[in-house]
Amino acid sequence: MVITSRNNPFVRHILSLREKKFRREAGEFVVEGVKQVNEALAGGCEVKAVVCAESFAEAWRFAGAVLVSDGVFEKLSGEVTPQGVLALLAVPELTPRPPQGKALLLDGVSDPGNMGAILRTANAAGYADVYLRGCVDPFSPKSVRAAMSGLFFVRLHAGEDAELANCLAGVPLLCADMGGEDVFSFSPPPNFCLVIGNEANGVSKEVRARCAHTVRIPMRESCESLNAAVSAGILMYELQYAREKKLSHGLKGEDTDVRT
């Protein structure tokens with residue numbers, strides 16, 4: 001059976017998930033594209049349904065997929081050139097839990113594109129736990145597109161300030177701010193939580209007061225600031241590998257001394 005009506009209740013349900021209110025009510029969000037759907041499956045996400053366009057040649061790969069006409073799929077798609085497959089996923093449990101390694105706290109990140117890009121980089125750089133404080137919905141269509149598979153392989157935590165503070169108790173918070181220490185000369189602790197603030201206002205006073213260290217990215221005087229996602233990416237990678245680089249350089253120096 002192929003769904004051909006744009007007024008079909010299932011079709012209307014998928015369209016409603018473009019709005020935060022209905023995503024919250026249903027506990028579902030949408031991912032689109034062959035790569036995204038395959039990686040959602042690989043990431044162990046709870047898949048509520050897979051929807052394929054009638055002309056999608058690889059629909060047979062998704063057992064039990066709902067088929068819709070090409071016209072209906074174009075209505076459902078958020079892409080300029082739809083690939084013909086999307087999936088409805090269950091929003092994962094967001095109850096805050098302690099981090100299992102290096103973590104990230106996003107304090108008021110409000111742009112969905114930045115949110116998605118940060119989650120994508122967090123996954124790549126090994127920051128598996130991401131805490132959300134007053135942020136944009138990471139399951140919005142724009143954020144999901146920008147996050148790519150990162151959304152499926154990081155653990156998201158959201159809650160009240162007291163809950164987040166309790167989960168991060170004993171974990172040094174590193175505040176990203178222009179008034180901090182040069183990150184390229186900073187020696188981070190073995191485990192920490194990097195704090196990225198709001199695009200316009202930076203890290204809030206409440207969170208800043210709990211930070212053990214403040215780090216900055218050095219820039220030319222002609223540059224006022226960097227995009228939040230770009231800053232987060234530079235800081236995540238530098239802090240993640242800073243200790244390894246310094247240890248490596250130290251060992252090389254020792255080797256040189258021995259040979260001399």
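**Exercise 1. Place helix 3 against the sheet of this predicted model.**

Task: State which strands helix 3 lies across and how it is oriented to strand 5.

Solution. Helix 3 spans residues 34-42 and lies across strand 2, strand 3 and strand 5. Relative to strand 5, the helix runs at about 35 degrees.

**Exercise 2. Reconstruct the sheet.**

Task: Give the order of the 5 strands in the open sheet, and say which strands stand at the edges.

Solution. Step 1: the strand order is 1-4-3-5-2, with mixed pairing. Step 2: strand 1 (2-3) and strand 2 (28-32) each have a single partner strand, so both stand at the edges, with one side lacking a neighbour in the sheet. As background, strands of a sheet pair through backbone hydrogen bonds, either parallel or antiparallel.

**Exercise 3. Register and burial of strand 5.**

Task: Identify the bridge partners in strand 5 of Val51, Ala49 and Val31, then decide whether the residues of strand 5 are buried or exposed.

Solution. Step 1: strand 3 (residues 47-53) and strand 5 (residues 85-90) run antiparallel and are joined by 5 bridges. Within strand 5, Leu86 is the bridge partner of Val51, and Leu88 is that of Ala49.

Step 2: strand 2 also pairs with strand 5 in the antiparallel sense, over 5 bridges. Here Val31 has Ala87 as its bridge partner.

Step 3: Val85, Ala87 and Leu89 point one way from strand 5, while Leu86, Leu88 and Ala90 point the other way. Residues on both sides are buried, and the count for strand 5 is 6 of 6.

**Exercise 4. The surroundings of Phe152.**

Task: Classify Phe152 as buried or exposed, and list the residues it touches beyond four places away in sequence.

Solution. Step 1: Phe152 lies in helix 7 (residues 150-153). Step 2: its relative accessibility is 8%; buried means under 20%, so Phe152 counts as buried.

Step 3: Phe152 touches Val31, Gln36, Glu39, Ala40, Gly43, Cys45 and Leu89. Val31 is the residue bridged to Ala87 of strand 5, and Leu89 is one of the buried residues of strand 5. Step 4: for a distance along the chain, take Ser140, which is 12 residues from Phe152; the C-alpha atoms of the two are separated by 14 Å.

**Exercise 5. Aromatic pairs.**

Task: State how many aromatic pairs the whole structure has, and classify the geometry of Phe56 with Phe62 and of Tyr237 with Tyr241.

Solution. Step 1: the search finds 4 aromatic pairs. Step 2: Phe56 and Phe62 are 6.4 Å apart centre to centre, with 25 degrees between the planes. Planes under 30 degrees apart count as stacked, so this pair is stacked. Both Phe56 and Phe62 are buried.

Step 3: Tyr237 and Tyr241 are 6.0 Å apart centre to centre, again with 25 degrees between the planes, and are stacked. Both lie in helix 10 (residues 228-259), 4 residues apart, about one turn of the helix. Tyr237 counts as partly exposed because its relative accessibility is 37%; Tyr241, at 32%, counts as partly exposed.

**Exercise 6. The largest pocket.**

Task: Give the volume of the largest pocket and say which elements give two or more residues to its lining.

Solution. Step 1: the largest pocket holds about 460 Å³ of space. Step 2: 23 residues line the pocket, and those closest to its centre are Ala176, Met178, Ser225, Leu226 and Ser231. Step 3: the elements giving two or more lining residues are strand 9 (173-182), strand 10 (193-197), strand 11 (213-216) and helix 10.

Methods
Residues are numbered from 1 along each chain as its sequence is written. This is a predicted model: local features need pLDDT of at least 70, side-chain atom pairs count only at pLDDT 80 or more; totals for chains, interfaces and linings use all residues. Side-chain values use heavy atoms; hydrogens and water are left out. Rings of Phe, Tyr and Trp (its six-membered ring) pair if their centres lie within 6.5 Å; planes under 30 degrees apart count as stacked, over 60 as edge-to-face and the rest as tilted. Buried means under 20% relative accessible area, exposed over 50%, partly exposed in between (1.4 Å probe, protein chains only). Two strands pair if DSSP finds at least two bridges between them. Contact means heavy atoms within 4.5 Å. Axes are lines fitted to C-alpha atoms, for helices over the stretch in contact, and angles run from 0 to 180 degrees between N-to-C directions. On a 1 Å grid over the protein atoms alone, a cavity is a set of points where a 1.4 Å probe fits but cannot get out, and a pocket is an open set with protein on both sides within 12 Å along at least five of seven lines; lining residues have an atom within 4 Å of a point. Grid points are joined across faces, edges and corners, and a volume is the space filled by probe spheres set on the points.
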